[in-house]
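Biologist: I would like a close look at one part of this model, a single strand and what surrounds it. Please take it slowly and give the cut-offs as you go.

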Amino acid sequence: MATKSQTTQIFLSLLALSPLIGTSHGGGIAIYWGQNGNEGNLTSTCATGKYAYVNVAFLNKFGGGQTPELNLAGHCNPDSGGCKIVSIGIKYCQCRGIKVMLSLGGGIGNYTLTSTADAKNVADYLWNTFLGGSSSSRPLGDAVLDGIDFDIESGSTYHWDNLARFLSAYSKPVKKVYLTAAPQCPFPDRLLGTAINTGLFDYVWVQFYNNPPCQYTKGDTSNLLNSWKNNWAPSLKGGKLFLGLPAAPAAA
């Protein structure tokens, strides 16, 4: 997903529509935050009042026995504990009713899942390090994020459904673990299709750009609308479907 690069200040705007009912309902705008140090801190981002969902991007190294690594570009250095200050922004956003997720993957990184056991280990790590569990090492401080976003753009095609199931199992009546995903619009998504088919994802923001067969092009919405109506909307088993578009001309 080139729009969430480390060198360009780009937010992915997502306009929510529900595939479960005949008419559309606005569901807010989601953004990816964390890949440009000039985009402002998380508190100022949520203070704009524009967004309903924020994906903190990215945990871009994990799985296969690797030590996980968080990359927030120019914002802070997690190795020195410098990203714990982000907890202030996370709590501020949540106080405003904005859901904050940790995004996995991205366009640049080294991540994979090698087995069901590996998926379980990653789920346990995410729960204890960023969600409602406990760990001596919490890179984002003591804030408890609302869930996990899957922005999987490379690596293995296997076991993402296992990861979704393990994470979903941590949901409790008092604190739900939200799952979100950012598949490419060619249907089904090569990497996330099986995971999305579990029906466990609460929000799916499909990338209708950088994909000529199903993207919006100037003056022509037919490919996008056909993909939306014939593929994505009928297939989503639960949750809300979002329309992912570039938020600036340089984004795609």
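Biologist: How many bridges join strand β8 to β9, and do these strands run parallel or antiparallel?

Modeller: This is a predicted model, in which local features need pLDDT of at least 70 and side-chain atom pairs count only at pLDDT 80 or more, while totals for chains, interfaces and linings use all residues. Residues are numbered from 1 along each chain as its sequence is written, and side-chain values use heavy atoms, with hydrogens and water left out.

Strand β8 (residues 178–181) is joined to β9 by 2 bridges, and the two run parallel. Strands here are DSSP runs of E with at least two residues, and helices are runs of H or I with at least four, both numbered from the N terminus. Two strands count as paired if DSSP finds at least two bridges between them. T180 has Y203 of β9 as its bridge partner. β9 also pairs with strand β10 (residues 240–246), again in the parallel sense, over 5 bridges. In that pairing, W205 stands opposite F242 of β10.

Strand β9 covers residues 203–207, and 5 of its 5 residues are buried, so the rest of the structure largely encloses it. Buried means under 20% relative accessible area, exposed means over 50%, and partly exposed lies in between, with a 1.4 Å probe and protein chains only. Y203, W205 and Q207 point one way from the strand, and V204 and V206 point the other way.

The chain goes from β9 through helix α6 (residues 222–235) to β10, and these three make a right-handed β-α-β unit. A crossover is right-handed if, with the strands pointing away from the viewer, the path from the first strand over the helix to the second runs clockwise.

The loop between β9 and α6 contains N211. N211 has a relative accessible area of 11% and is therefore buried. Not counting residues up to four places away in sequence, N211 touches Q184, C185 and P186, where contact means heavy atoms within 4.5 Å. The side chain of N211 also reaches the backbone oxygen of Y209 at 2.8 Å. That is a polar contact: a pair of N or O atoms within 3.5 Å, where, within protein, one must be able to donate a hydrogen and the other to accept it, and residues adjacent in sequence count only if both atoms are side-chain atoms. N211 and A252 are 41 residues apart in sequence, with their C-alpha atoms 9.7 Å apart.

C185, one of the residues that N211 touches, is joined to C214 by a disulfide, S to S 2.0 Å. A disulfide is counted when a pair of cysteine sulfur atoms lies within 2.5 Å. C185 lies in the loop between β8 and α5 (193–196) and C214 in the loop between β9 and α6, so this pair ties together parts that are 29 residues apart in sequence. The torsion about the S-S bond of C185 and C214 is about 80°, which means that the disulfide is right-handed. C185, at 1% relative accessibility, counts as buried, as does C214, at 3%.

The structure holds 3 disulfides. C46 and C93 form another of them, with sulfur atoms 2.0 Å apart. It links distant parts of the chain, 47 residues apart, with C46 in helix α1 (residues 42–47) and C93 in helix α2 (residues 86–95). C76 and C83 are also bonded, their sulfur atoms 2.0 Å apart. With the bonded cysteines numbered in sequence order, the pairing is 1-4, 2-3, 5-6. The sulfur of C95 is too far for a bond, because the closest cysteine sulfur, in C93, is 9.3 Å away. C95 counts as exposed, at 73% relative accessibility.

Last, the nonpolar packing. Y203 of β9 reappears in a core of 11 residues that also includes Y32, A57 and A182. A nonpolar core is a set of buried Ala, Val, Leu, Ile, Met, Phe, Trp, Tyr and Cys residues joined through side-chain atoms within 4.5 Å. This core is separate from the largest one, which has 60 residues. L140, F150, W160 and L163 have the most contacts inside that largest core.
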